[in-house]
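Trainee: I am new to this structure and would be grateful for a close look at one part of it, followed outwards to its surroundings. Please explain each term as it arises.

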Amino acid sequence: MRQSSLVVVAMRLPIDDSVAPDGACEWRRSPGGLVSALHPLLRNTPATWVGWAGGSGPAPSLPDVDGVHMHTVPLSLEDLRDHYEGFANATLWPLYHDAVEQPEHHRRWWEAYQRVNQRYAEATAEVAEPGAIVWVQDYHLQLVPGLLRALRPDLRIGYFLHVPFPPPELFMQLPRRAELLHGMLGADLVGFQRPQAAHNFAQLATKVLGVAATDRRIAVDDRVVRIGAFPVSIDTAEMSALAASAEVAERAERFRRDLGEPERVILSVDRMDYTKGIEQRLTAYSELLASGHVKVRDTVLVQVAVPSRERVGQYQILRERVEREVGRINGEFGRVGEPAIHYLTQPFDRAELAALYRVADVMAVTPLRDGMNLVAKEYVAARVDDTGALLLSEFAGAATELSQAYLVNPHDLEGLKQGLLSALQADPADVTTRMRAMREHLHRHDITAWARSYLSALDETGSLVDRLPATH
Ligand code: ADP
Ligand code: G6P
């Protein structure tokens, strides 16, 4: 078995479901923030990625992608139903996102969560070199750090949560809260998107496990676990360069023509998820059309909503509701050849996404709760001419850094309508000042800066950080 000095462990492997006829695989860039974040880092770093290849049954053996060895973990239909669709996406996901949908609790799901986490820990133990650095990702694998430490105490283990970590009042609802905290505390470093999350975690460790904790360190047995905020980012230079390319500029012009050369284009790009605030945004837009503040001929809304977690009931219900509402709004306010909303559920390649970002005068990113929201950062990176208004929810992690955005509370319908109007009617000089400040921030705080700050906190020898590309 080939072993590596750096092992990334995530629920999914970062590859496309479609393997080319010659057996070659490509990086899966979409849709979802985790792979988008780690792709630029690993592209040039020898490593092994442990994860699920999609599908059920025996694990396929996959070729390396850009020097990264893909180590597959097999999952059965039952594992997928009870671990991925169940405990991960119908218990933890809604709970961690402020319970905007009701989390469900089933003992069978917890058993599957333990079983699948054990399998990932065992697979990781096999492929990690003695003393290797292992970086475990996200809420699907919260028990892996503890299980892995029991198998391989020689490893340096990091854990990073891409989604919000909830306040104690919510986390305390989990029947197996102590086990989940213990699992995470198997790591040497536990990273979150925001300082508030690290604070919540420290409070819970004291409350539930009775250990001594500050927002930076937690004492567990004879070890110290470091905790902290490491806001994830994007490859800013890559997105800027792509957006500035002639091909994307030309594609953007074509999009604008195809949209009927409206005065203003509003864009939203989301996974179809109830945390993204899609329904609230549609309501706000519909009310602005009804009151005449926005007119279909002048303004169009492009809503990209790529289906996600389609076997989970709450996601099926959401999709039906969104599609009914889009149909109603187009029926009521559209004209022949001029829909009020251009609704697209397809995945786009990076160049097409960059072109859409370039076309958007206003980018509406209004989740009810989001760990970070990389779409907001991609939009800013793509606005190479310093134009474009970002309407951003206060409840996205990105709002902490992109404080010059037009910030809104998506739960406040009147505030959301007002925010949308302000962004549509903003003074161009104000828009540019804000966009410049946000672009400046993202050039300094890009994905490499994120990986450097996390990995240098994890790997005190610094050997791994030396292998990372420089921040642009
Ligand atoms: P989440 O991780 O909750 O999906 P993020 O905004 O952090 O939300 O990340 C979403 C990622 O998926 C971004 O990198 C975005 O470009 C990508 N993405 C979203 N929708 C699409 C789509 N329709 N086609 C291609 N990529 C998409
Ligand atoms: C979020 C999660 C990721 C997840 C992604 C896509 O970004 O933090 O862990 O991979 O959404 O969701 P999916 O269920 O399709 O993997």
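Mentor: The answer below begins with one β-sheet and its inner strands, and then moves on to the domains, a second sheet and some individual residues.

This is a predicted model, in which local features need pLDDT of at least 70 and side-chain atom pairs count only at pLDDT 80 or more, while totals for chains, interfaces and linings use all residues. Residues are numbered from 1 along each chain as its sequence is written, chains are lettered from A and ligands numbered from 1 in the order in which they are written, and side-chain values use heavy atoms, without hydrogens and water.

The part chosen is an open sheet of eight strands, whose order is 3-2-1-4-5-6-8-7 and whose pairing is mixed. Its edges are formed by strand 3 (68-72) and strand 7 (217-220), each of which pairs on one side only. On average, neighbouring strands of this sheet are turned by 20 degrees against each other, direction ignored. Strands (E, at least two residues) and helices (H or I, at least four) are DSSP runs numbered from the N terminus, and two strands count as paired if DSSP finds at least two bridges between them. Axes are lines fitted to C-alpha atoms, for helices over the stretch in contact, and angles run from 0 to 180 degrees between N-to-C directions.

Within this sheet, strand 4 repays close attention. Strand 4 (residues 128-137) runs parallel to strand 1 (residues 4-12), and five bridges join the two. One position shows the register: Val 9 has Val 136 as its bridge partner in strand 4. Strand 4 also pairs with strand 5 (residues 156-160), again in the parallel sense and over five bridges. Here Val 136 stands opposite Tyr 159, and Ile 133 stands opposite Arg 156. Strand 4 is mostly covered, with seven of its ten residues buried; buried means under 20% relative accessible area, exposed over 50%, and partly exposed in between (1.4 Å probe, protein chains only). As a general point, the side chains of a regular strand alternate between the two faces of the sheet.

Between these two strands comes helix 4 (residues 144-151), and strand 4, helix 4 and strand 5 together make a right-handed β-α-β unit. Right-handed means that, with the strands pointing away from the viewer, the path from the first strand over the helix to the second runs clockwise.

Strand 5 is likewise mostly covered, four of its five residues being buried. Strand 5 pairs in the parallel sense with strand 6 (residues 189-192) over three bridges, where Gly 158 stands opposite Leu 189.

The wider setting is a chain divided into domain 1 (4-232 + 447-467) and domain 2 (236-444), with bounds that come from an automatic or database domain assignment. The centres of the two domains, taken over C-alpha atoms, are separated by 30 Å. In domain 1, 28 residues are in contact with 26 residues of domain 2, contact meaning heavy atoms within 4.5 Å. About 2,300 Å² is buried between the domains, 55% of it given by carbon and sulfur atoms; this is the accessible area (1.4 Å probe) that two parts lose on being put together, summed over both.

A second open sheet has six strands in the order 11-10-9-12-13-14, with parallel pairing. Its edge strands are strand 11 (341-344) and strand 14 (406-408), each pairing on one side only. Strand 13 (residues 389-393) and strand 14 pair in parallel over three bridges, and Leu 391 stands opposite Tyr 406 there. Helix 12 (residues 350-359) lies across strand 9 (264-271), strand 10 and strand 12 (362-365), at about 140 degrees to strand 9.

Ala 305 lies in strand 10. Because its relative accessible area is 0%, Ala 305 is classed as buried. Among the residues that Ala 305 touches are Asp 270, Met 272 and Tyr 343, residues up to four places away in sequence not being counted.

Two loop residues deserve a final remark. Asp 98 lies in the loop between helix 2 (77-96) and helix 3 (107-127), and its phi is near 60 degrees, a positive value in a residue other than glycine. Arg 309, in the loop between strand 10 (299-306) and helix 11 (313-333), has a positive phi near 45 degrees. Asp 98 has 30% relative accessibility and therefore counts as partly exposed, whereas Arg 309, at 15%, counts as buried.
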